[in-house]
Amino acid sequence: DALGADTTLADLPLREDLRGRSPYGAPQLDTSVRLNTNENPFPPPPELVADVTEAVREVAADLHRYPDRDAVALRADLAAYLTEATGVRLATDNVWAANGSNEVLQQILQAFGGPGRTALGFEPSYSMHPILSAGTRTDWVPAPRREDFSLDGAAAARVVAEKRPDVVFVTSPNNPTGQSVGIEDLRAVLDAAPGVVVVDEAYAEFSAQPSAVELIEQYPAKVIVSRTMSKAFAFAGGRLGYLAAAPAIIEALLLVRLPYHLSAPTQAAARAALRHAEATLGSVHQLAEERDRVSAALRELGFDPVPSDANFVLFGRFADAHRAWQRYLDADVLIRDVGIPGHLRVTIGTPVENDAFLAASKAVSEEIQ
Ligand code: PMP
């Protein structure tokens, strides 16, 4: 047993506002089919593995030195990728990187949120937005979506104008529901926002909608576009998230980031992975096709999948979503109960994994109907 195991959370001088809260927790269970955390199901190709290994081997000789604090070479590579992907010319000083976009989002809240300030998001959306707000003592203001989970741009702009939050989160495509937000709806929110608007584009590569990076020129003091290598890039274990914004926003983040937050192996591995972007991103098209196949098959089985631009599908309706989640688990298929009544979320996997999920879905549908 661990030393001090008799002491509980209740015995600690924990901040009052953190008492009773739950940590972020997608269960990491050892099932044969794992479709619960929106990863790319295809492992990196051998050339990428070799290149990452070699890149890390090279920096290993210098591990007695701190890494480049500002990760300039990596940011230049990310700027080049994003320029190519979006057609919007971005400089190194337009890009910032951290350990996953979760850290990027946390730094944004440290700089632009904090005690006495508020952050607003349109729920249901990514559960870390309110959790990171709580951690930085930024008051969370939930705002609604339409019944069908899409975002009503005009209604969103009205609630932003009324609540005047310091930070607005717009997730596009939205996790866990899947729909993208159009540029005109983003413009409406930006026009109404008194503070910064974070467009969380973690799943952008799976969507045909244009990126919000094209809004940086018009709204340099407001718009921040957050991205990640965890999803389309098949680099979730590498922990590399980034953002695009005006250089002044990045200057603000330098005030709160930890020095040397991105390790030399992380920077080197991410740069090596980026050199293989074409190969890794080759899976995006296949995953989008699989997503459409899975959605159609779910509809055929009598389910109600929400239209998705991402690599996952939210679907219902279950009288008891948690019970249904357990049925899938009993069938050795791990999906996600995101806490939306009557719904579950499945990440799109390999065709074989998707078939296993659909077979389990058939059994579940027969059982519950
Ligand atoms: N934003 C959204 C909308 C996400 O779904 C996720 C991952 N689940 C993230 C950000 C964070 O991912 P990471 O920290 O791996 O970049």
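A polar contact is a pair of N or O atoms within 3.5 Å. By that cut-off, lysine 231 makes such a contact with the ligand: an N or O atom in its side chain is 3.1 Å from a ligand nitrogen atom. The structure is a predicted model. The points below cover the ligand site, three helix pairs, and several loop residues.

**Ligand surroundings**

- The ligand is surrounded by 13 residues, and the closest are Ser101, Asp200, Tyr203, Thr228 and Ser230.
- Threonine 228 places a polar side-chain atom 2.5 Å from an oxygen atom of the ligand.
- Arginine 239 also has a polar side-chain atom beside a ligand oxygen atom, at 2.7 Å.
- For lysine 231, the ligand partner is a nitrogen atom, at 3.1 Å.

**Helices H1 and H8**

- Helix H1 spans residues 46-60 and helix H8 spans residues 264-275; their axes come within 8 Å and cross at roughly 150°.
- Angles over 145 degrees count as roughly antiparallel, so H1 is roughly antiparallel to H8.
- The crossing of H1 with H8 is right-handed.
- On the H1 side the contact involves Leu48, Asp51, Val52, Ala55, Val56 and Val59, and on the H8 side Ala264, Pro265, Ala268, Ala269, Ala272, Ala273 and Arg275.
- Sorted by class, this contact of H1 with H8 holds 11 nonpolar residues, two charged residues and no polar ones.

**Helices H3 and H4**

- Helix H3 (residues 100-112) packs against H4 at an angle of about 45°, and the two axes are 9 Å apart.
- H3 and H4 are therefore oblique to each other.
- Their crossing is right-handed.
- H3 contributes Asn102, Leu105, Gln106 and Leu109 to the contact, while H4 contributes Met128, His129, Leu132 and Ser133.
- The contact of H3 with H4 has four nonpolar and four polar residues, with no charged residues.

**Helices H5 and H6**

- Helix H5 (residues 153-163) and helix H6 (residues 183-192) have axes 8 Å apart and pack at an angle of about 15°.
- Angles under 35 degrees count as roughly parallel, and H5 and H6 are therefore roughly parallel to each other.
- H5 and H6 cross in a right-handed sense.
- The residues in contact are Gly153, Ala156, Ala157, Val160 and Ala161 from H5, and Asp185, Ala188, Val189 and Ala192 from H6.
- By class, the H5 contact with H6 comprises seven nonpolar residues, one polar and one charged.

**Backbone geometry in loops**

- Glutamate 123 and proline 124 are joined by a cis peptide bond with omega of about 0°.
- Proline 124 sits in the loop between strand E3 (118-123) and helix H4 (128-135).
- A cis peptide bond also links glycine 316 to arginine 317, with omega of about -10°.
- Arginine 317 belongs to the loop between strand E10 (312-316) and helix H10 (321-330).
- Asparagine 38 is not a glycine, yet its phi is positive, at about 55°.
- The loop that holds asparagine 38 runs between strand E1 (33-34) and H1.

**Valine 88**

- Valine 88 is in the loop between helix H2 (72-86) and strand E2 (95-98).
- Leaving out residues up to four places away in sequence, valine 88 touches Leu82, Thr83, Val213 and Glu214.
- Valine 88 and leucine 215 are 127 residues apart along the chain, and their C-alpha atoms are separated by 9.6 Å.

Terms used
Residues numbered from 1 in each chain as written. Predicted model: local features only at pLDDT ≥ 70, side-chain atom pairs only at ≥ 80, totals over all residues. Heavy atoms only, no water. Axes fitted to C-alpha atoms, helices over the stretch in contact; angles between N-to-C directions. Helix = DSSP H or I, 4+ residues; strand = E, 2+ residues; numbered from the N terminus. Parallel < 35°, antiparallel > 145°, perpendicular 65-115°, else oblique. Left-handed = near helix turned anticlockwise from the far one by under 90°. Contact = heavy atoms within 4.5 Å. Nonpolar A, V, L, I, M, F, W, Y, C, P; charged D, E, K, R; others polar. Near = heavy atom within 4 Å. Polar contact = N/O pair within 3.5 Å; in protein donor to acceptor, adjacent residues only side chain to side chain.
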